[in-house]
Amino acid sequence: MGKALRDFATQPYDDDVWEEFRARLHVHAGDLGNVETYRRLAERLADLDRRHGTGGNVLFYLATP
């Protein structure tokens, strides 16, 4: 993803900004039909909020098979 940003950025590219953002990207896999997936996701989001002080602001990218 970093290479694509460097290759296709239309604005000045800053490695330090990318590294800070990249460190906050997370993957959460689970079965969409299993309520446990959502419980674990909620716990993870709460933990990330505590660590990063996001105030509940998150961005989701949902990929399904």
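**Fold and principal pocket of a three-helix chain**

Of the 65 residues in this chain, 6% count as buried, where buried denotes a relative accessible area under 20%. The model is a predicted one. Its accessible surface amounts to about 5800 Å², and carbon and sulfur atoms account for 57% of that area.

The secondary structure consists of 3 helices and 0 strands, so that the sequence reads as the pattern α-α-α. The chain is more spread out than a compact globule, because its radius of gyration is 15 Å, well over the 11 Å that the globule rule gives for 65 residues. Along the principal axes, the C-alpha atoms occupy a box of roughly 40 × 30 × 15 Å.

Attention may now turn to the empty space beside the protein atoms. Such space is revealed by rolling a probe the size of a water molecule over the atoms. In this model the largest pocket has a volume of about 1000 Å³. Its lining comprises 26 residues, and those lying nearest the centre of the pocket are H26, V27, L59, F60 and Y61.

Which helix gives the most to the lining of the largest pocket? That helix is α3, spanning residues 35–52, which supplies 8 residues to the lining. As to chemical character, the lining residues divide into 16 nonpolar, 7 polar and 3 charged. In this division Tyr is counted as nonpolar and Gly as polar, a convention to be kept in mind when the lining composition is read.

Terms used: Residues are numbered from 1 along each chain as its sequence is written. This is a predicted model: local features need pLDDT of at least 70, side-chain atom pairs count only at pLDDT 80 or more; totals for chains, interfaces and linings use all residues. Side-chain values use heavy atoms; hydrogens and water are left out. On a 1 Å grid over the protein atoms alone, a cavity is a set of points where a 1.4 Å probe fits but cannot get out, and a pocket is an open set with protein on both sides within 12 Å along at least five of seven lines; lining residues have an atom within 4 Å of a point. Grid points are joined across faces, edges and corners, and a volume is the space filled by probe spheres set on the points. Helices (H or I, at least four residues) and strands (E, at least two) are DSSP runs, numbered from the N terminus. The radius of gyration is taken over C-alpha atoms; the globule rule is 2.2 Å times the number of residues to the power 0.38. Buried means under 20% relative accessible area, exposed over 50%, partly exposed in between (1.4 Å probe, protein chains only). Accessible areas come from the Shrake-Rupley method with a 1.4 Å probe; for residues, only the protein chains shown count as cover.
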